[in-house]
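Here are some worked exercises to try with the sequence and the model side by side. Have a go at each task before you read its solution.

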Amino acid sequence: MSNLQQTSPCQTCGACCAYSRSWPRFTIEDDEDIARIPRYLVDDDQGGMKCQGDRCAALDGVIGVATACSIYEVRPVVCRSCQPGDEECLMARRRHGMAPIEAAIES
Ligand code: SF4
Ligand code: SF4
């Protein structure tokens, strides 16, 4: 959900934020990066975001209707790198019964 607050597909989707609890894991984040995320939203092992089932605890809204990341400015790297229309996006949308979307064409 990298462009969650910038592009309409993400604002009415949220599928990648509720695809797998192993998805929003920390990768290259350092301690300072993680400290910017509210503690109650970080998993107990500090390895990623807390999830309820497969849904990230930072996701607000209703999947497929209207969603937003409540920690958008400090979200994990993996969340920034997922782009609408990429492989992860298509997998997540398929899982939630949503039609695939085309990747934006970079100019
Ligand atoms: S699955 Fe794709 S369209 Fe949906 S929120 Fe994630 S990046 Fe955006
Ligand atoms: S931190 Fe935000 S962008 Fe990342 S999975 Fe959770 S709700 Fe989605």
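A residue is called buried when its relative accessible area is under 20%, exposed when it is over 50%, and partly exposed in between (1.4 Å probe, protein chains only). This is a predicted model, in which local features need pLDDT of at least 70, side-chain atom pairs count only at pLDDT 80 or more, and totals for chains, interfaces and linings use all residues. Residues are numbered from 1 along each chain as its sequence is written, chains are lettered from A and ligands numbered from 1 in the order in which they are written, and side-chain values use heavy atoms, with hydrogens and water left out.

**Exercise 1.** Find what share of the chain is buried, and trace its pattern of helices and strands.

*Solution.* Start with burial: of the 107 residues, 42% are buried. Next, count the elements, taken as DSSP runs (helices H or I, at least four residues; strands E, at least two) and numbered from the N terminus. There are 4 helices and 4 strands. Finally, their order along the sequence reads α-α-β-β-β-β-α-α.

**Exercise 2.** Locate the largest nonpolar core and look at what Trp23 touches.

*Solution.* A nonpolar core is a set of buried Ala, Val, Leu, Ile, Met, Phe, Trp, Tyr and Cys residues joined through side-chain atoms within 4.5 Å. The largest one holds 13 residues, and Ala15, Cys16, Trp23 and Cys82 have the most contacts inside it. Both α3 (77-81) and α4 (87-95) supply at least two residues of this core. Now take Trp23: with neighbours within four places in sequence set aside, its contacts (heavy atoms within 4.5 Å) are Cys16, Val78, Cys82 and Glu88. Another core, of 12 residues, lies apart from this one and includes Phe26 and Val42.

**Exercise 3.** Describe the surroundings of ligand 1 and ligand 2.

*Solution.* Count a residue as near a ligand if one of its heavy atoms lies within 4 Å of that molecule. Ligand 1 has 12 such residues, the closest being Cys10, Cys13, Gly14, Cys16 and Cys89. Two or more of them come from each of α1 (8-11) and α4. Ligand 2 has 10, the closest being Cys17, Cys56, Leu59, Cys69 and Cys79.

**Exercise 4.** Is Ala18 buried or exposed, and which residues does Ala18 touch?

*Solution.* First place Ala18 in the loop between α1 and α2 (31-35). Ala18 counts as buried because its relative accessibility is 6%. Beyond residues up to four places away in sequence, Ala18 touches Asp54, Arg55, Leu59, Ile63 and His96. Last, the C-alpha atoms of Ala18 and Arg95 are 9.4 Å apart, although 77 residues separate them along the chain.
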